[in-house]
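Here are a few short exercises to work through with the model open beside you. Try each task on your own before reading its solution.

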Amino acid sequence: MKLLDRKTGFSIKIPVVCARSFFNRTLSRRHKTHRAWTMAAVTIFLVLALTVIMLNSQVGFAVYFRGEKIGNVKSMAVVTAAVTGAENQLEEIYGHDYSLDKAISVTANVGGGTVNQERVQDGILGGIDGLVKLYVLEVNGTAVGASADEATLDGVLNDILKTYATEQTSSVRFAETVNISHRFINEDITQDAAAIKAAIDPKNEAAAHRLTVESTEQTQRIEEIPFDVEYYSDDTVYEGNLKVKSPGVCGENVITENSVYLNGVLQSCQMISTVKTKDPVTERVAVGTAPRPKTASYDKYIWPAEGVITSGFGPRTGFGSANHQGIDIAGASGSDIVAADGGEVILADWYFGYGLMVQIRHDNGDITYYGHCSELLVSKGERVYQGQTIAYMGETGEASGVHCHFEIRVNGVPVNPIAYLP
């Protein structure tokens, strides 16, 4: 008997029970009554109805590709979906439309296990020459390479990411869509790990599928918080002078930032948080109000003589000390030498190679030297004021000409006077 399955459109042969045969088996030879005939007819009807129900609910289908059986499925919907999926993959692999209509055949099948769409689809693709199922690395949907081992492709990608990671890196990823899928692909695709890496390596400018690595680094830096300055009047400080009584100390903020890099090149920097870790300390400065004596120091110096600098500070060759501890100012013999600042005369006498010399200790503890004088006009213990004439220029001691040797010593150490003079 033949029935047409309205869902699939397939014509399927179905074995049915012969009515007369059934009647002969059930009819009692001794009681061939009208009632028995009626029961036989009812039974036949039930068998036929049951068969139709089975066809529409329990009968499956055997699927064949190019004559080779792929497996059994529950419905034609599974076959249709599998064929469509296989055709889509083939179009992607080969770059053109691909139809499988003539290669697929289906017959009715009753009983037995069934497979799902993926198994049917794999069965179709596995029957096509030149295709293999591998783990495929794709960049923006384009297959770059493949491997039988997914870990190999993961290793290639991780090796690239590691080159852009530092101890401060909080995240690292590819800007492109990078995917690894397990699917059928043309068997001639490269499976060499080194070749795959070369094709995507961001450091290879000739790479056909050069990737872009986006890395984010979280860093911290210390930012100084400026201190305030507080001024107040102080009658222990001379008028016109300022004296720092307690130095200011800068505070500190710890700034946390996220810096974004593309292939190692900084693109942007964003502040994430600011945490104050140290408060600034206000600087206190005394403003002098006490009357200034004429001989008080100003803590700044004027030139001690007029003339030309003939020898600078530091190492030198020729006449005199090889390590010159001051500067030589050459001028006319007998011209004035003045105090560079107010203070107390602590030496006014002959002093070794300096000849006639004056030393003045200023209020800040600095000491100035005035050497090779021809005549001294002040005495030890005397206080002098800034600009007061204290001696006349000469060439006493070890001198190669008329000049004033001028030194400034801070905490007993000679410093370059040029850095302190206007």
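**Exercise 1. Find which residues touch the most other members of the largest nonpolar core, and which elements supply it.**

Step 1. The largest nonpolar core has 27 residues, and V79, L100, I104 and I124 touch the most other members. A nonpolar core here is a set of buried Ala, Val, Leu, Ile, Met, Phe, Trp, Tyr and Cys residues joined through side-chain atoms within 4.5 Å. Buried means under 20% relative accessible area, exposed over 50%, and partly exposed in between (1.4 Å probe, protein chains only).

Step 2. Two or more residues of this core come from each of β3 (60-65), α3 (76-94), β5 (104-109), α4 (117-126), β6 (131-139) and β9 (178-186). The largest share, seven residues, is given by α3. Helices (H or I, at least four residues) and strands (E, at least two) are DSSP runs, numbered from the N terminus.

Step 3. Now look at V79: beyond its neighbours within four places in sequence, V79 is in contact with V63, V73, I104 and V106. Contact means heavy atoms within 4.5 Å.

Step 4. Another core lies apart from this one; it has 23 residues, including A305, I337, A339 and V358.

A word on the ground rules: this is a predicted model, where local features need pLDDT of at least 70 and side-chain atom pairs count only at pLDDT 80 or more, while totals for chains, interfaces and linings use all residues. Residues are numbered from 1 along each chain as its sequence is written, and side-chain values use heavy atoms, with hydrogens and water left out.

**Exercise 2. Work out whether H324 is buried or exposed, and what its side chain pairs with.**

Step 1. Locate H324 in strand β18 (residues 323-324).

Step 2. H324 counts as buried because its relative accessibility is 3%.

Step 3. Its side chain makes a polar contact with the side chain of S311 at 3.3 Å. In addition, a polar atom of the H324 side chain lies 3.1 Å from the backbone oxygen of G326. A polar contact is a pair of N or O atoms within 3.5 Å; within protein, one must be able to donate a hydrogen and the other to accept it, and residues adjacent in sequence count only if both atoms are side-chain atoms.

Step 4. Leaving out residues within four places in sequence, the contacts of H324 are S311, G312, F313, G314, R316 and H405.

**Exercise 3. Compare two loop residues, Q388 and F352: is each one buried or exposed?**

Step 1. Q388 sits in the loop between β24 (383-384) and β25 (389-393), while F352 sits in the loop between β21 (343-350) and β22 (356-361).

Step 2. Q388 has 14% relative accessibility, so Q388 counts as buried. F352 has 65%, so F352 counts as exposed.

Step 3. Not counting residues up to four places away in sequence, Q388 touches I337, V338, A339, V378, E382 and R383.

Step 4. Check the backbone of F352 too: its phi is positive, about 45°, although F352 is not a glycine.

**Exercise 4. Find which loop holds R66, and what its phi is.**

Step 1. R66 is in the loop between β3 and β4 (68-73).

Step 2. The phi of R66 is near 55°, a positive value in a residue other than glycine.
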